[in-house]
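Here's a quick briefing on a model you may want to look over before setting anything up. Have the sequence and coordinates open as you read.

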Amino acid sequence: MESNKDEGNKAWDKKFWLDLIEKVKFNPYALGMVTLFAVLTLIAVLISAGSGNTSNSTTAEKQIEEKTKADMDSEKRRIYEELIKLEDYHLPSWNALSESLAQSNRYESYSNAQKSEDVLINVWSKMKDIKCNTTGDSTFDEKCEEILKQANRAYSAKRMATKELMKWLDDDSPKKLYEAENAMDYAVSEWKSYQMLLAKNFR
């Protein structure tokens, strides 16, 4: 039995068509059948060619999707690791400040506030060097920009809180205490928002 490929080649062979037409040229019905057969053969070839193009297109699209996902996963991991490094860098001084305030130790609190502010200045400087690389996933790319903006707000709020705390520790007045408390409340709020966003989209 001949293969489908051989049959296809035979169908397009010039001699095959000449012989076939010669056999049926005095038979209008048979000639009509030959014409129908030719049309159907052409349609089959066109469908086959189109199917191949569709397959190639699907494969290309899948490769693009896989690359986009790989780029997104890599960028997600990189941004997360960079942000965690900043947390690990600044939290010891911030926690020391919180402990000294809880113990009502004004001298230690002032000293720790100064140290914390210096660390937060460095954090702010490091944050400027963290940039989101485009991955091709527009949803993730937007989330990446969003998390960096929120991180900047959170660290800026903490820095402002340390400055207000030092003002109050320098001048133990109700006004300075009020301003320090407000600054600290804002810093806590911004930090919580940052942590929630990080946990939702990057952890």
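What follows covers confidence, the nonpolar core and helix 4.

This is a predicted model, in which local features need pLDDT of at least 70, side-chain atom pairs count only at pLDDT 80 or more, and totals for chains, interfaces and linings use all residues. Residues are numbered from 1 along each chain as its sequence is written, and side-chain values use heavy atoms, with hydrogens and water left out.

**Confidence**
- Mean pLDDT (the predictor's confidence in each residue, from 0 to 100) is 82 for the protein, with 72% of residues at 70 or more.
- Residues 1-5 stay under 50, and the model has two contacts (heavy atoms within 4.5 Å) for them beyond four places in sequence.
- Where pLDDT is low, don't read the predicted coordinates in detail.

**Nonpolar core**
- The largest nonpolar core (buried Ala, Val, Leu, Ile, Met, Phe, Trp, Tyr and Cys residues joined through side-chain atoms within 4.5 Å; buried means under 20% relative accessible area, with a 1.4 Å probe and protein chains only) has 34 residues.
- Helix 5 (138-170) gives the most to this core, with 13 residues.
- Tyr-194, among the residues with the most contacts inside the core, touches Leu-83, Glu-87, Ile-147, Gln-150, Ala-151 and Ala-154, leaving aside residues up to four places away in sequence.

**Helix 4**
- Helix 4 (a DSSP run of H or I, at least four residues, numbered from the N terminus) covers residues 106-127 and includes Tyr-107.
- Tyr-107 is exposed (over 50%), at a relative accessible area of 66%.
- A side-chain oxygen of Asn-105 comes within 3.3 Å of the backbone nitrogen of Tyr-107.

Conventions. Helix = DSSP H or I, 4+ residues; strand = E, 2+ residues; numbered from the N terminus. Polar contact = N/O pair within 3.5 Å; in protein donor to acceptor, adjacent residues only side chain to side chain.
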